[in-house]
Amino acid sequence: MKLACGGQNEAKGMDSTGFPGGMGMSVYFYGCMTLDGYLADKNHHLNWLHQTGTIDETGFEAFYRRMDLTIMGRRTFREIEQMEDAHKLYPTTRNYVFTHSEGLAKPGFVPVCCDVREFVRKAGREKNIWVVGGNTLLAPLLENDMVDELIIQIAPVLLGDGIPLFAQKEALKRFRLAGVRQYGQFAELHYINL
């Protein structure tokens with residue numbers, strides 16, 4: 001069964017781990033891109049990422065424990081559904097896939113068909129929302145100043161072409177650098193919306 005669709009973001013402090021804590025809804029992008037700014041190759045594949053390292057080499061677990069919902073596009077979900085134990089990837093969050101399909105092949109994921117901005121507004125004031133991917137969901141949220149934090153791992157890879165992480169309309173957006181960490185071959189940059 002597909003969902004048709006489900007306030008303003010409240011600023012949130014960070015706890016001693018450097019990740020979100022406190023009360024109120026916040027929207028996060030947490031993910032990896034190449035040195036040249038791509039989220040995936042031109043065929044929407046992530047082979048370059050899997051060859052670079054694993055989530056065990058990042059701060060993923062600490063971040064994920066704080067999330068209530070994940071949202072992702074259909075193309076991101078296609079990568080996830082190829083995994084044998086996809087339902088174990090995000091076991092404690094409610095997971096929504098923006099798609100026009102009526103059903104999804106993997107348990108634990110709910111199809112939703114509406115505007116991502118509307119969905120986020122209706123999600124609940126006490127929810128932390130993780131934008132897993134891709135840029136078609138992230139762009140309208142950035143355009144409407146609805147992303148509170150960007151936590152981006154940079155992989156030491158150049159693709160030369162692919163799906164860019166940032167695809168929003170031209171407009172100046174400022175974030176404050178909250179932290180820089182190294183996890184194996186990944187450099188993690190943590191930004192907070194001003």
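The exercises below, with worked solutions, concern the largest pocket and the salt bridges of a predicted model.

**Exercise 1.** State the volume of the largest pocket and identify the residues closest to its centre.

Solution. The space in the largest pocket comes to about 920 Å³. Its lining consists of 33 residues, and those closest to the centre are L46, L49, T76, Y90 and V132.

**Exercise 2.** Which helix or strand gives the most residues to the lining of the largest pocket, and how does the lining divide by residue class?

Solution. Begin with the elements that supply at least two lining residues each: the strands β3 (26–34), β4 (38–40) and β8 (128–133), and the helices α1 (47–50), α3 (74–81) and α5 (135–143). Of the elements, α3 gives the most, with 5 residues. By class, the lining holds 17 nonpolar, 13 polar and 3 charged residues.

**Exercise 3.** Find the closest N and O distance in the salt bridge of D115 with R117, and classify both residues by exposure.

Solution. The closest N and O atoms of D115 and R117 are 2.5 Å apart, within the 4 Å cut-off for a salt bridge. Partly exposed lies between 20% and 50% relative accessible area. D115 is at 30% and is therefore partly exposed; R117, at 25%, is partly exposed as well.

**Exercise 4.** Is K88, which forms a salt bridge with D85, buried or exposed?

Solution. In the salt bridge of K88 with D85, the closest N and O atoms are 4.0 Å apart. The relative accessible area of K88 is 55%, so K88 is exposed. D85 has 37% and is partly exposed.

Notes: Residues are numbered from 1 along each chain as its sequence is written. This is a predicted model: local features need pLDDT of at least 70, side-chain atom pairs count only at pLDDT 80 or more; totals for chains, interfaces and linings use all residues. Side-chain values use heavy atoms; hydrogens and water are left out. On a 1 Å grid over the protein atoms alone, a cavity is a set of points where a 1.4 Å probe fits but cannot get out, and a pocket is an open set with protein on both sides within 12 Å along at least five of seven lines; lining residues have an atom within 4 Å of a point. Grid points are joined across faces, edges and corners, and a volume is the space filled by probe spheres set on the points. Helices (H or I, at least four residues) and strands (E, at least two) are DSSP runs, numbered from the N terminus. Ala, Val, Leu, Ile, Met, Phe, Trp, Tyr, Cys and Pro count as nonpolar, Asp, Glu, Lys and Arg as charged, and the others, Gly among them, as polar. A salt bridge is a side-chain nitrogen of Lys or Arg within 4 Å of a carboxyl oxygen of Asp or Glu. Buried means under 20% relative accessible area, exposed over 50%, partly exposed in between (1.4 Å probe, protein chains only).
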